[in-house]
Amino acid sequence: MIKIIDLIKYYGNIKAINDISLEIKKGEMFGIVGPDGAGKTSTIRVLCGLLPFDNGKIEIMGKELVKYRKEIQRKIGYLSQKFSLYEDLTIDENLEFSADIHDVKNFKSRRDELLQFTRLIEFRSRLAENLSGGMKQKLALACSLIHKPEILFLDEPTTGVDPVSRRDFWKILSQLQKERITIVMTTPYLDEAERCNRVALMNKGQIIAIDEPGKIKKSIRKKVIEIICSPIREAYALFKDEFAENVQMFGDRLNFVVDDAEQNKINIIDKMNNNSIKIGEVRVLPPSLENVFIHLVKKAS
């Protein structure tokens, strides 16, 4: 459905997208994951034909984006990072406006279907400005689906959304995938990325890994020693030079990404005991996607 070859995008002297290539299959849920400034939003906006690019080639649904931009845009849906609908219109009116923009005739049955689907039907007369953050995102999603797109682009759709609405949003996306809609989404949340069929880990405009989440986690062939300890900052300082990119601090625990878990566990515990670090729970775990991402970023820097 989507093919990108050697894509480059500059903002002045800054290379926001640095020579990336990838392919996305029909019906796939594909995640682009990375921190702020990684190039995620720029990539999505380029794919939607909203931003020009400086080099490379993009094909969407078998057609070159530069030549067939308007035709392609009629077959895609886009949910932007910020709520961009009309707050002085009701839910119903926003959906009607979106239908008019996409030249959708006899849209009322489709509108009712989407309201039912997103569980907004009882709020259809409410002004958009009076919706919660989660409801606004579901309304924006419904508007992006009014014309039955073949590809749906979502730019950080759950950022700032409460946990319950976030869970509901993912249920909706799972249902859309069953309908064979291709979904391309960006997210800073690595737990969300685990739900995708494949992910591209992106940093400083480059793709540093691309595959199924499980295969990316296995690719570094390491284990994680997780130790709850206190005081956590002193413990981190104790090991940051010895383990370099392989020690990570998460709240009240340290994660050590290592080859030999058993021997390293003994050495780490001994060093903590010798330096008056209080030790709580100690576990050996497979690496999470977050462990792998931080490991790869630090290794590349």
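**From a four-stranded sheet to its aromatic pairs**

Strands S1 and S2 run antiparallel and are joined by eight bridges. In this predicted model, the two strands form a hairpin with two residues between them, and Gly 12 in the turn has a positive phi of about 65°. Across the hairpin, Lys 9 stands opposite Ile 17 in S2.

S1 also has a partner in S4: strand S1, residues 2–11, and strand S4, residues 55–60, pair in the antiparallel sense over five bridges. Along this pairing, Lys 3 stands opposite Glu 59 in S4, while Ile 5 has Lys 57 of S4 as its bridge partner. Together these strands belong to an open sheet of four strands, which has the order S2-S1-S4-S5 and antiparallel pairing. Its edge strands are S2, covering 14–24, and S5, covering 63–64, each of which pairs on one side only. Helix H1, residues 40–47, packs on the sheet, where it touches S1, S2 and S4, and its direction makes about 60° with that of S2. Strands of a sheet pair in general through backbone hydrogen bonds, in either a parallel or an antiparallel way.

Further along the chain comes helix H3, which spans residues 91–101 and in which Ile 91, Asp 92, Asn 94, Leu 95, Ser 98 and Ala 99 are buried. Seen down the axis of H3, these buried residues fall within an arc of 165°, so they line one face of the helix. Against what does this face pack? The buried residues of H3 pack against helix H4 (108–117) and helix H5 (133–145). On the other side of H3, by contrast, Asp 100 and Ile 101 are exposed. The helix is followed by Asp 103, whose phi is positive, near 55°.

H3 also takes part in a contact between rings. The count of aromatic pairs in the model comes to four, and one of them is formed by Tyr 86 and Phe 97, an edge-to-face pair with 5.1 Å centre to centre and 85° between the planes. Because Tyr 86 lies in the loop between strand S6 (76–79) and H3, whereas Phe 97 lies in helix H3, the pair ties together parts that are 11 residues apart in sequence. Tyr 86 counts as partly exposed, at 42% relative accessibility, and Phe 97 is likewise partly exposed, with a relative accessible area of 33%.

Phe 243 and Phe 256 also form a pair: the centres of their rings are 5.0 Å apart and their planes stand at 65°, so the pair is edge-to-face. It links distant parts of the chain, since Phe 243 is in helix H9 (residues 232–243) and Phe 256 in strand S13 (residues 253–258), 13 residues apart. Are these two residues buried or exposed? Phe 243 is buried, with a relative accessible area of 10%, and Phe 256 is buried as well, with a relative accessible area of 0%. Ring pairs link both of them with Phe 239 into a cluster.

Two other rings have a charged side chain placed over them. Lys 63 lies over the face of Tyr 68, at 5.3 Å from the ring centre, and the charged end of Arg 166 sits over the ring of Tyr 189, 4.3 Å from its centre.

Note on methods:
Residues are numbered from 1 along each chain as its sequence is written. This is a predicted model: local features need pLDDT of at least 70, side-chain atom pairs count only at pLDDT 80 or more; totals for chains, interfaces and linings use all residues. Side-chain values use heavy atoms; hydrogens and water are left out. Buried means under 20% relative accessible area, exposed over 50%, partly exposed in between (1.4 Å probe, protein chains only). The arc is that of the directions from the helix axis to the C-beta atoms. Contact means heavy atoms within 4.5 Å. Two strands pair if DSSP finds at least two bridges between them. Axes are lines fitted to C-alpha atoms, for helices over the stretch in contact, and angles run from 0 to 180 degrees between N-to-C directions. Rings of Phe, Tyr and Trp (its six-membered ring) pair if their centres lie within 6.5 Å; planes under 30 degrees apart count as stacked, over 60 as edge-to-face and the rest as tilted. A charge sits over a ring if NZ of Lys or CZ of Arg is within 6 Å of the ring centre and within 35 degrees of the ring normal.
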